[in-house]
Amino acid sequence: MTGLLGIRGIGRTARGSGGGGRQALVQLLVLALVSAVGLVLGGTGASSAEAVSACVGRPAKTVKFATGELRVYRSRAYACAVTVAKNPGKRRQMSVQLQARGARPVGDSGRYTTRAGPVTVPALHRCIRATGSISGTSGSTGWILC
C-alpha cells in the first residue's frame, strides 16, 4: 500500500513491524522536503513591500514622503526602522535613524538602491523617534510608542 506521495509505509503504523524507526525517519524526511518545497514556491510570490521589510515585529508607524517611506516596527522589547524607496533602481543617498529616549541614535546611511536599514534599538517601556531620507527628501515620526 502506498501512502502520501506514493511512498510505501507513509500513513501506516509501525506496530509490530520492527522497522518503525526507519519508517518514522522516512516520514520526517518527506515532511521536511514537502515543507521546503512549499516555502520556496510560496516565497516567490511575495510582493516587493514584503521582500524589503527586514524588521521583525508588528508595523507601528509608516511615514510616507515624496521619494519613499519610513517604516517603524515594534516587537516586545525592540523597535526597528527602515527607509524604503518608492521607485527602487539606481543608487542614491538614503538614510534611516532610530533613537530610544535617553539613548544615542542609531543609524544607517549610504548609497543604496532599495532601502536603508534595518536599525534596531532596545525600546522596552521607552519612547522612540525615527527619521528617514532619500535623495534629500525626508520623513520623521516625532516621539512615538510612549
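Begin by selecting Q99 and A103: the side chain of Q99 reaches the backbone oxygen of A103 at a distance of 2.9 Å. As you look, keep in mind that this is a predicted model. Q99 belongs to strand 4, which covers residues 92-100, and with a relative accessibility of 13% Q99 counts as buried. If you now show what surrounds Q99, leaving out residues up to four places away in sequence, you will find that Q99 touches R104, P105, C127, I128, R129 and W143.

From there, move to G102, in the loop between strand 4 and strand 5 (106-112). Is G102 buried or exposed? At 79% relative accessibility, G102 counts as exposed. Select R126 as well, and you can check that the C-alpha atoms of G102 and R126 are separated by 8.5 Å, although the two residues stand 24 places apart along the chain.

**The whole chain**

Zoom out before going on. The chain has 146 residues, of which buried residues make up 29%, and it contains two helices and eight strands. Read from the N terminus, the order of these elements is α-α-β-β-β-β-β-β-β-β. If you count contacts between residues at least 6 apart in sequence, 44% of them join residues at least 24 apart. With the surface switched on, you are looking at about 9,100 Å² of exposed area, 56% of which is supplied by carbon and sulfur atoms.

**The disulfides**

Next, show the cysteine side chains; a search of the whole structure finds two disulfides. Counting the bonded cysteines along the chain, the pattern is 1-2, 3-4.

Select C55 and C80, which are joined by a disulfide with an S to S distance of 1.9 Å. The torsion about this S-S bond is about -65°, so the disulfide of C55 and C80 is left-handed. C55 sits in the loop between helix 2 (48-52) and strand 1 (58-65), while C80 sits in strand 3 (residues 78-85), so the pair ties together parts that are 25 residues apart in sequence. Both C55 and C80 are buried.

Now select C127, already met as one of the residues that Q99 touches, together with C146, to which a disulfide joins it at 2.1 Å from S to S. The link of C127 and C146 is right-handed, with 140° about the S-S bond. This pair connects distant parts of the chain, 19 residues apart, with C127 in the loop between strand 6 (115-122) and strand 7 (128-134) and C146 in the segment after strand 8 (137-140). The two ends of the link differ in their surroundings: C127 is buried, with a relative accessible area of 12%, whereas C146 is exposed, with a relative accessible area of 70%.

**Charged side chains**

Go to strand 2 (residues 68-74) and select R74. Where is the nearest side chain of opposite charge to R74? That side chain is E69, 19 Å away, and R74 is buried yet has no salt bridge. What you can see instead is a polar atom of the R74 side chain lying 2.8 Å from the backbone oxygen of A123. Beyond its neighbours within four places in sequence, R74 is in contact with residues including G57, R58, A60, H125, R126 and L145.

Side chains of opposite charge can pair when their charged atoms come close. To see such a pair here, select E69 and R71, whose side chains meet in a salt bridge at 2.6 Å, N to O. The structure holds one salt bridge, and both of its partners, E69 and R71, are buried.

**Backbone stops**

Most residues other than glycine have a negative phi, and most peptide bonds are trans. With that in mind, select G117 and P118, which are joined by a cis peptide bond with an omega of about 15°; P118 lies in strand 6.

Then select S135, in the loop between strand 7 and strand 8. S135 is not a glycine, yet its phi is positive, at about 50°, and at 43% relative accessibility S135 counts as partly exposed.

Finish at L145, found in the segment after strand 8 and already encountered as a contact of R74. Phi of L145 is near 60°, a positive value in a residue other than glycine, and L145 counts as partly exposed at 30% relative accessibility.

Note on methods: Residues numbered from 1 in each chain as written. Predicted model: local features only at pLDDT ≥ 70, side-chain atom pairs only at ≥ 80, totals over all residues. Heavy atoms only, no water. Helix = DSSP H or I, 4+ residues; strand = E, 2+ residues; numbered from the N terminus. Buried < 20%, exposed > 50% of the residue type's maximum accessible area, 1.4 Å probe, protein only. Lys, Arg positive; Asp, Glu negative; His and termini not counted. Salt bridge = Lys/Arg side-chain N within 4 Å of Asp/Glu carboxyl O. Polar contact = N/O pair within 3.5 Å; in protein donor to acceptor, adjacent residues only side chain to side chain. Contact = heavy atoms within 4.5 Å. Areas by Shrake-Rupley, 256 points an atom, 1.4 Å probe, with all protein chains shown as cover. Disulfide = S-S within 2.5 Å.
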